[in-house]
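Let's work through a few exercises together, with the solutions laid out step by step. Keep the structure open beside you as you go.

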Amino acid sequence: MSLDAEIVPASHGRAFRMKAGECVLITNTHGNQVVDAWALSVSDRFETSSLDHTRSINSNIFFASGMSLASNRRRPMLTMVADSAGVRHDTLLCPCSSELYAQLGCEEHHRSCTENFHEALSEIGMDVPFTPASLNLFMNVPVAEDGTVDRVPPSTSPGDHVVLRAEMDLVLVLSACP
């Protein structure tokens, strides 16, 4: 079973309820879009996807096909069952925020993945008082031998996609990174 097709508008976010066993196809329509993703347990909004537990369980700093996104209680939430581009999705960098854009010199309001996360949850009547780290789908973050990271354009093409399967009843939040 899969969810109905819906486009997440540029620079915005959406929340989707998923039952255990359901799959979602996330398509990178233009090939250069990063999609921040979070999962929250339906039974406990404080059980959220956790990138530190995900890295520990998978013994990898990247997220790839066959791996599971773990919760802060070390339970599998989502499994990547397909990745048409076969890229290494980022688990290291934080979701963008108003504070990040201010540090970059932006003086006016700039939408952010953090804002999109909370706005998307609000639209379905949920909230949490914090922003978990996001799984950064399609984000290309090479790591050098000395541990430094870079941010380079995604190495994906228009139409590349991933398929995620819910391992528990959850809310999936997606943000088309501004």
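## Exercise 1: The nonpolar cores

Find the largest nonpolar core and the residues with the most contacts inside it.

*Solution.* This is a predicted model. Its largest nonpolar core has 24 residues, and I26, L78, L137 and L170 have the most contacts inside it. Next, look at where these residues come from: the elements giving two or more residues to this core are β1 (13-18), β2 (23-28), β3 (35-41), β6 (76-83), β8 (135-137), β9 (160-166) and β10 (170-176). Another core, of 13 residues, lies apart from it, with W38, L40, A120 and V173 among them.

Now zoom in on L137. Leaving aside neighbours within four places in sequence, L137 is in contact with residues including I26, V35, M80, V162 and L164.

## Exercise 2: The cysteines

Explain why the structure holds zero disulfides, taking C106 and C113 as test cases.

*Solution.* Start with the cut-off: a disulfide needs two cysteine sulfur atoms within 2.5 Å. For C106, the closest cysteine sulfur is in C96, 11 Å away, so the pair is too far for a bond. For C113, the closest is in C177, at 3.6 Å, which is also too far for a bond. As for their surroundings, C106 is partly exposed, with a relative accessible area of 30%, whereas C113 is buried, at 0%.

## Exercise 3: A pocket

Describe the second largest pocket by its volume and its lining.

*Solution.* First, the space: about 290 Å³. Then the lining: of its 15 residues, C94, C96, Y101, M139 and C177 are the closest to the centre. Finally, sort the lining by class: 10 nonpolar, three polar and two charged residues.

Key: Residues numbered from 1 in each chain as written. Predicted model: local features only at pLDDT ≥ 70, side-chain atom pairs only at ≥ 80, totals over all residues. Heavy atoms only, no water. Buried < 20%, exposed > 50% of the residue type's maximum accessible area, 1.4 Å probe, protein only. Core = buried A, V, L, I, M, F, W, Y, C linked by side-chain atoms within 4.5 Å. Helix = DSSP H or I, 4+ residues; strand = E, 2+ residues; numbered from the N terminus. Contact = heavy atoms within 4.5 Å. 1 Å grid on protein atoms, 1.4 Å probe; cavity = no way out; pocket = protein on both sides within 12 Å on 5 of 7 lines; lining within 4 Å. Points joined across faces, edges and corners; volume = space filled by probe spheres on them. Nonpolar A, V, L, I, M, F, W, Y, C, P; charged D, E, K, R; others polar.
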